[in-house]
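Biologist: I should like to understand how the terms used for a structure are justified. May we go through them one at a time?

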Amino acid sequence: MFLINCPYCGERDQSEFSAGGEAHIVRPKQPTELSDDQWAEFLFMRKNIKGVQFERWNHAHGCRKWFNMVRDTSNDKIHAVYKMGEKPPTK
Amino acid sequence: MLNFNAPIIDTKEYSEIKISEIEPILKINLRGKNRDFITKIGKELSIITPVDPNTSSSNEKLNLLWLSPDEWFLYSNDKLDIKDANSLEDKLFNEISKVKLGSVTNVSDHWIMINLKGTKIFELLSAGCPFNFNNFKNSKGAVTQTLFNHIDVIIHNKNINNLNLFVRRSFSSHLWSWMNDSARFI
């Protein structure tokens, strides 16, 4: 259980949110030119780091907006929260 | 709103808590992104569109709640005459949806409004909400969308110790029973 600072609504309990997996995965420009393995890599393969990870989250039981979050998966410490389309923090 | 059937039709009183279903109430969901849309709804409803998160604005007849940066929830203060309700919906539809400024959806049957009054209402809410009501309860007009006993709700702090809670129709009977059960022990 931890608190997440929604960039739209403010600080809320984690139970109001749903995790949307790894962030910043770029869709290939020409999917038809990819092999099945490359397409599967884009579609299914995700990192599952123990440590700092860039993730997408949705405030499902609040404003229903998607946003990005930098979270340490080993201790749930949130390093940054930023809106979709914004650049990820470098530090 | 033709042949509206209220699922609860009841009022219950406990020590310092009064819970009552208030229906039928006009409820309209408004969605739009651009500045023209925000100006238009303010003009059509004679109300300032709340753009700050978790806020609302009201006039004598209507309340407009902020739900997200591109979504608002409009509801009437009083039980509306069906003719009045339809004319307001038509007016908004013609001025907003038809000209593609945004969307106007009548959600009167979708949400059920439950009014909670009394000094212990926040104790009742805290029994089932993960939301921190410390600042909320002293801010008149504050709005929040959260979970209440695992059910999605919209809560509008109408006045001190007087709030309106909106719950989806299919969950309303269950939430009503749960609230009555919990209120007995507060």
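**Strands, sheet and loops**

Modeller: Let us begin with a pair of strands in this predicted model. Strand 9 of chain B and strand 10 (residues 151-159) of chain B run antiparallel and are joined by six bridges.

Biologist: What makes strand 9 and strand 10 of chain B a pair?

Modeller: Two strands pair if at least two bridges are found between them. Strand 9 and strand 10 of chain B are joined by six bridges, therefore they count as a pair. Within this pair, Val143(B) stands opposite His156(B) of strand 10.

Biologist: What holds paired strands together in general?

Modeller: Strands of a sheet pair through backbone hydrogen bonds, in either a parallel or an antiparallel manner.

Biologist: To which sheet does strand 9 of chain B belong?

Modeller: Strand 9 is part of an open sheet of six strands in chain B, with the order 1-2-8-11-10-9 and antiparallel pairing.

Biologist: Why are strand 1 (11-14) and strand 9 of chain B called edge strands?

Modeller: Strand 1 and strand 9 of chain B are called edge strands because each pairs on one side only. From one strand to the next, the twist averages 25 degrees.

Biologist: Which helix packs on this sheet?

Modeller: Helix 4 (residues 169-183) of chain B packs on the sheet, and strand 9, strand 10 and strand 11 (162-168) of chain B are among the strands that helix 4 touches. The direction of helix 4 makes about 135 degrees with that of strand 11 of chain B.

Biologist: Why is Asn54(B) called buried?

Modeller: A residue is buried if 20 or more other C-beta atoms lie within 10 Å of its own. Asn54(B) has 22 C-beta neighbours inside 10 Å, so Asn54(B) counts as buried. Asn54(B) is found in the loop between helix 1 (35-45) and strand 4 (56-58) of chain B.

Biologist: Is Asn161(B) buried, exposed or partly exposed, and how do you know?

Modeller: Buried requires 20 or more neighbours and exposed 12 or fewer, with partly exposed in between. Asn161(B) has 17 C-beta neighbours inside 10 Å, so Asn161(B) counts as partly exposed. The loop between strand 10 and strand 11 of chain B holds Asn161(B).

Biologist: What is the phi of Asn54(B), and what is the phi of Asn161(B)?

Modeller: Phi is near 60 degrees for Asn54(B) and near 55 degrees for Asn161(B). For Asn54(B) this is a positive value in a residue other than glycine, and the phi of Asn161(B) is likewise positive in a residue other than glycine.

Notes: Residues numbered from 1 in each chain as written. Chains lettered and ligands numbered in written order. Predicted model: local features only at pLDDT ≥ 70, side-chain atom pairs only at ≥ 80, totals over all residues. Helix = DSSP H or I, 4+ residues; strand = E, 2+ residues; numbered from the N terminus. Axes fitted to C-alpha atoms, helices over the stretch in contact; angles between N-to-C directions. Contact = placed C-beta atoms within 7 Å.
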